[in-house]
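This note offers a few remarks on internal space and helix packing. Please read the points alongside the displayed coordinates.

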Amino acid sequence: MKDMKIRRLSGLLLACLPLLLGSCQNFLEEEPKSLIATTAYYRTNNDAIAAINGAYAAMRADVTGNITPIWVAEAATDDAKAGGTPVGERLEVENLVFSSQHSFVRTIWNTAYNVINRSNNVIAYVDSSSVTPSLARRIHAEARFLRAFYYARLVQLYGDVPLLVAPSEPTTIYPARTPKDEVFKQIIADLQYAETNLAPTYAYTDTQNGGRATIPAAKSLLGYVYMVMAGNPTNDASKWQLAATKLGEVIASKATYNVDLVPVYRDIFDVTKKATNKENIFYYRGTSGISATMLAYTRLQYWYYGFTSVVPTNAVIDSLYEAGDSRRAINLARKSGTIIAPISTTTGAPIVNKYIDNIANSNDNQNDFHAIRYSDVLLMYAESLLEVGGVANLTSALTIINQIRTAHGGATLPLITFSSQNDLRQKLRLERRRELLFEGKRWYDLVRWNVYVPVMKAHMTAEYKAPVANYEYVNQNRALLPLPYIDVINNPNLRPQNPGY
């Protein structure tokens, strides 16, 4: 009975609200160690697995509900805008006039800290005194990957954020913001541990493990984090080579990790071919039917097709893709009632097409959402090589770009060439936009490239046929979200608020 009560207490701790999080404690040991006071929390292998599954389950908020982090990363860019029946908060995102009281701002924050809090509990209370040591290490690695994944999101969206690496304590429920450089250090440490202790791969059909973090996921995310640090606003150019090295490790061992470029672009998003999709590196796995496990329905089709709340911009429809690029017809379509027509026709309103699964039921779909896929890794590797510079690196980057164009855009697309490093840089950025359209990447890319403000001013001027003077409020402050209003009010240690809010 006592043990049962303790397990119930553990479940309550895992469900703590982000506001009840603690402050940074000492760095964790690399090996899970026995803690006598907490051994009753997770006493068996099954208890430990259930605990880490709880952290994955907390991620589901990203792809159910309003798919908020995906929405913001698209609708606040030149790729997408509000469709369907636009309401105030959605239009505020599109027009970049949201405040700290916007529900999306707090939802993203809350989801991130919920996963982080659950991960911290797993790391603290899963130990090798009662759990098989190899399993304890793997579960720690998964928890540290998830913690790094969400801190990477938080630090890009909000800047300096509280760095919490231990379960909350009553005396530390009002954490202060940590400088982003320190947050990056923790992210790197977590991912370095993860890439050493995670499994190399899982079969998609493995119902117990499919969708878990793996070695290539940790290496890919670490490579991306180095790229973020190399870009705006950190601008640490020394990180480009580190990014290239880490991403190159994934590419060199793709056979071991069972990842590769899928020859047909449409197959990446075809729900009937998920089991053979080698593009999968880290993904939110979708299945029809609401479930309390790692598997659950996703709402991608609902928002893009059923409700059409996110739709492509005029520039995406009219000029993003070259003639003959097969990705255009896969990413874009037109909807008239329940009829889906090619984007090349004039019948119906433009919609996002790539996540359409089962139009008979838009509320409950089995789409996967790819947080990291292999084409993304290839393009990040090419970008890192390009920024390191040198003739050999530029040539290698060009080869990768043309490889993706040929495989996914179509063999009839002309191969690109370049005249300078900057010329290739612009062509790579354009190819990245075409390849990863509506996959929640664009906002992060524009900010990282330090072009968010000019791109958005030009986009809004063209999209809404208004003078650029109307958008003088679009400045560098828009390159960060505000901290949630209620959290700043309740916790004075989070102040000052981000500039402009």
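How many nonpolar, polar and charged residues does the lining of the largest cavity have, by class? The points below take up this matter and then turn to the helices and a pocket.

1. The model is predicted. By class, the lining of the largest cavity comprises 13 nonpolar, 3 polar and 6 charged residues. This cavity encloses about 400 Å³ of space, and the structure holds 6 cavities of 30 Å³ or more.

2. In total, 22 residues line the largest cavity, and those nearest its centre are Phe149, Ala371, Gly440, Lys441 and Tyr444. Two or more lining residues come from each of helix H3 (68-75), H6, helix H8 (215-230), strand E7 (369-373) and helix H14 (374-388).

3. Two of the contributors to this lining, H8 and H14, also pack against each other at an angle of about 40°, their axes lying 11 Å apart. The crossing of H8 with H14 is left-handed. On the H8 side the contact involves Ser220, Tyr224 and Met227, and on the H14 side Val377, Met380, Glu383 and Ser384. By class, the residues of this contact are 4 nonpolar, 2 polar and 1 charged.

4. Helix H6 has a packing partner in helix H2 (residues 45-59): the angle is about 15° and the axes are 10 Å apart. Because angles under 35 degrees count as roughly parallel, H2 is described as roughly parallel to H6. The crossing of H2 and H6 is left-handed.

5. The contact between these two helices joins Asn45, Ala48, Ile49, Ile52, Ala55, Tyr56 and Met59 of H2 to Leu135, Ile139, Glu142, Ala143, Leu146, Phe149 and Tyr150 of H6. Its residues divide into 12 nonpolar, 1 polar and 1 charged. Phe149 of H6 thus appears in two settings: it belongs to the contact with H2, and it is among the residues that lie nearest the centre of the largest cavity.

6. The second largest pocket holds about 320 Å³ of space. Its lining has 18 residues, and Gln156, Pro233, Val447, Ala479 and Leu480 are the closest to its centre. Helix H6 (133-158), helix H7 (180-197) and helix H17 (442-448) each give two or more residues to this lining. H17 gives the most, with 3 residues.

7. By class, the lining of the second largest pocket consists of 9 nonpolar, 6 polar and 3 charged residues. Helix H6 gives two or more residues to this lining and likewise two or more to the lining of the largest cavity.

Definitions and conventions
Residues are numbered from 1 along each chain as its sequence is written. This is a predicted model: local features need pLDDT of at least 70, side-chain atom pairs count only at pLDDT 80 or more; totals for chains, interfaces and linings use all residues. Side-chain values use heavy atoms; hydrogens and water are left out. On a 1 Å grid over the protein atoms alone, a cavity is a set of points where a 1.4 Å probe fits but cannot get out, and a pocket is an open set with protein on both sides within 12 Å along at least five of seven lines; lining residues have an atom within 4 Å of a point. Grid points are joined across faces, edges and corners, and a volume is the space filled by probe spheres set on the points. Helices (H or I, at least four residues) and strands (E, at least two) are DSSP runs, numbered from the N terminus. Ala, Val, Leu, Ile, Met, Phe, Trp, Tyr, Cys and Pro count as nonpolar, Asp, Glu, Lys and Arg as charged, and the others, Gly among them, as polar. Axes are lines fitted to C-alpha atoms, for helices over the stretch in contact, and angles run from 0 to 180 degrees between N-to-C directions. Angles under 35 degrees count as roughly parallel, over 145 as roughly antiparallel, 65 to 115 as roughly perpendicular and the rest as oblique. A crossing is left-handed if the near helix is turned anticlockwise from the far one by less than a right angle, and right-handed if clockwise. Contact means heavy atoms within 4.5 Å.
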